[in-house]
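Q: Please take a close look at one part of this structure, starting from a single residue and its surroundings. Then go on to whatever else in the chain merits a local description.

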Amino acid sequence: MLRRSFLQTTLAGALAAAARDKKMIGIQVGAVSFVDEGVEKVLDVFQQSASISTLFIATFTYGRGIAGRQVPGQPLPDHGKQEYDTATFHGGNFTRVNPRYFQNTALQNFRAPDFGDYDVLEAVLPSARKRGMKTICWFEDVFREDVPGIRKLQEKELSGRNATTLCFNNPDYRNWLLGMVENYARSYEIDGIMWGSERQGAFSNALGASHGGASRDPERVTCFCEFCERKARERGINPERARAGFKELAAFVHDGRAHKRPVDGYYVTLWRLMLRYPELLAWEMLWTDSLRETYAAMHRKVKEVKPSLGIGWHIWHNNSFNPIYRAEQDLAELAKYSDFLKMVMYHNCGGERMAGYIKSVGQTIYGDVPGQELLDFHYRVLDYQEKRLDEIPRTGLSADYVYREAKRARTALDAAHAKTQLWPGIDIDIPTSAESSKSSPDGTRRAVEAAFRAGADGVLLSRKYSEMKLANLRGAGEAIREL
Ligand SMILES: [Zn+2]
């Protein structure tokens, strides 16, 4: 009897371990954590606290969301150097750059100077491989204005002046992105590449249809560069008409932000503009298609170099707030060139962010709709149900939000018969304002459980280890060990 129950227990344990092994358990981590805390120490913590099997190393960015220490003004977590890197953070590429892959782009000099010659992949890969951990290069569409040669790649605003963002239709940027994936794929024994672009087209941007959208200047929408205008003409879109439409849209938004109600109200007036200028939507879709073509080109390049290497995308949190942006994230379409999708489902900061989105579009497209009604409408059309508008910044969104978002993505991918892996992005200590909700071990555990209950193929703990508290990481680990 004793022997039999021992065998049964062992078998059950082995089956559970096998089920767990099939799931991707990932964490995003920047070079600074390995430099500050030591490679072996960081990997020990990952394995012991949350059974992490895959590292998503921030190999390139000029942003602070996924690289650098804790964002200044936010409390430092209980590990790592106990000081901010405000003065020393610069960003760029945290690995070696082989110039061979960057011959067809003006962007040549983008190595991060933060840690001298330090190459984060060279430093981490041997230890990760020894432990059986996978490594994915993770980079994003975020730049500084002082990168040499960058002006040639920048988008053009409505006024014709350069934007700080880069244009997907500009051959110099497209070639640079292809050079990046080739550089990673050919130079290192990695397991995959993930790239993310947290941007949207001119129509949604003008309306401020994102969290933080209220601070956007509707006249600074993009892209009106020569490449985009040429591509528009090829599609039968008249760039002059588009410019005229966006100028009128900008005036509409300016008035809305100043609480100057149009005679026929906000919603009707916006429809009048859209009917008069169908170029507004055509320009939005032109931008979205250009992003999709960029995904497809990067996917093709990686398969050309090394067919076994996976490549996929980080899908912006705005997917949970703005129905227009969600419409653009057509998973049946994206699945064609995505080995995996990290769909952002950040529950804790989601409350503050949803409230920010509602506040912004409550002055533009939905200027006549009171905030709570507007939120209720969004809960209906986005198919999740959370607390009241005045509560969500303080409470965050619940695990049920994660469940519904993951379930919806799962169903959409299954309906498309896609082989694309679904990896929800889980919020661990993503900064929120002082009075807003903060991550907790229990909340994190429930978010991870919800993602798996909905049929996710893995979870990606986000945004970066250098801002996570260990107790909250262990909360995720509890749910992972229950698998
Ligand atoms: Zn352009």
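A: Cys-223 lies in the loop between α6 (202-206) and α7. The model is predicted. The peptide bond that joins Thr-222 to Cys-223 is cis, with omega at about 5°. Most peptide bonds are trans, and most residues other than glycine have a negative phi.

The sulfur of Cys-223 is also a zinc ligand: the ion is coordinated by the SG atoms of Cys-167, Cys-223, Cys-225 and Cys-228, at 2.2 to 2.3 Å. Along the sequence these donor residues follow the spacing C-x55-C-x1-C-x2-C. The site links distant parts of the chain, since Cys-167 sits in the loop between β6 (162-166) and α5 (171-187), while Cys-228 belongs to helix α7 (residues 226-234), 61 residues apart. Both Cys-167 and Cys-228 are buried.

The geometry around the zinc ion is tetrahedral because the four donor atoms subtend angles of 98 to 118°, and four donors count as tetrahedral if all angles lie between 85 and 135 degrees. For four tetrahedral donors the ideal angle is 109.5 degrees.

A second cis peptide bond runs from Ser-462 to Arg-463, with omega near 5°. Arg-463 is placed in the loop between β12 (458-462) and α18 (470-481).

Helix α18 also holds Asn-472. Asn-472 has a relative accessible area of 3%, so it is buried. Leaving aside neighbours within four places in sequence, Asn-472 is in contact with Ile-428, Asp-429, Ser-439, Ser-440, Pro-441 and Thr-444.

Positive phi values come next. Ser-51, a residue other than glycine, has a phi near 50°. Ser-51 lies in the loop between α3 (39-50) and β2 (54-61), and its relative accessibility of 23% makes it partly exposed. His-417 likewise has a positive phi near 50° without being a glycine. The loop that holds His-417 runs between α16 (399-415) and β10 (421-422). With a relative accessible area of 72%, His-417 is exposed.

The last part is a helix pair. Two packed helices are described by the angle between their axes and the distance between the axes. For helix α13 (residues 347-361) and helix α14 (residues 371-382), the axes come within 10 Å and cross at roughly 115°. This crossing of α13 and α14 is right-handed. On the α13 side the contact involves Met-354, Tyr-357, Ile-358 and Val-361; on the α14 side it involves Gly-371, Leu-374, Leu-375, His-378 and Leu-382. By type, the residues in the contact of α13 with α14 are seven nonpolar, two polar and no charged.

The loop between α13 and α14 contains Asp-368. Asp-368 counts as partly exposed because its relative accessibility is 39%. Not counting residues up to four places away in sequence, Asp-368 touches Arg-261, Gly-265, Tyr-266 and Tyr-267. From Asp-368 to Thr-135 the C-alpha to C-alpha distance is 49 Å, and the two are 233 residues apart in sequence.

To return to the starting point, Cys-223 follows a cis peptide bond from Thr-222 and gives its SG to the zinc ion.

Definitions and conventions:
Residues numbered from 1 in each chain as written. Predicted model: local features only at pLDDT ≥ 70, side-chain atom pairs only at ≥ 80, totals over all residues. Heavy atoms only, no water. Donors = N, O, S within 2.8 Å, 3.2 Å for Na, K, Ca; no water. Tetrahedral: all angles 85-135°; square planar, octahedral: opposite > 155°, others 65-115°. Helix = DSSP H or I, 4+ residues; strand = E, 2+ residues; numbered from the N terminus. Buried < 20%, exposed > 50% of the residue type's maximum accessible area, 1.4 Å probe, protein only. Axes fitted to C-alpha atoms, helices over the stretch in contact; angles between N-to-C directions. Left-handed = near helix turned anticlockwise from the far one by under 90°. Contact = heavy atoms within 4.5 Å. Nonpolar A, V, L, I, M, F, W, Y, C, P; charged D, E, K, R; others polar.
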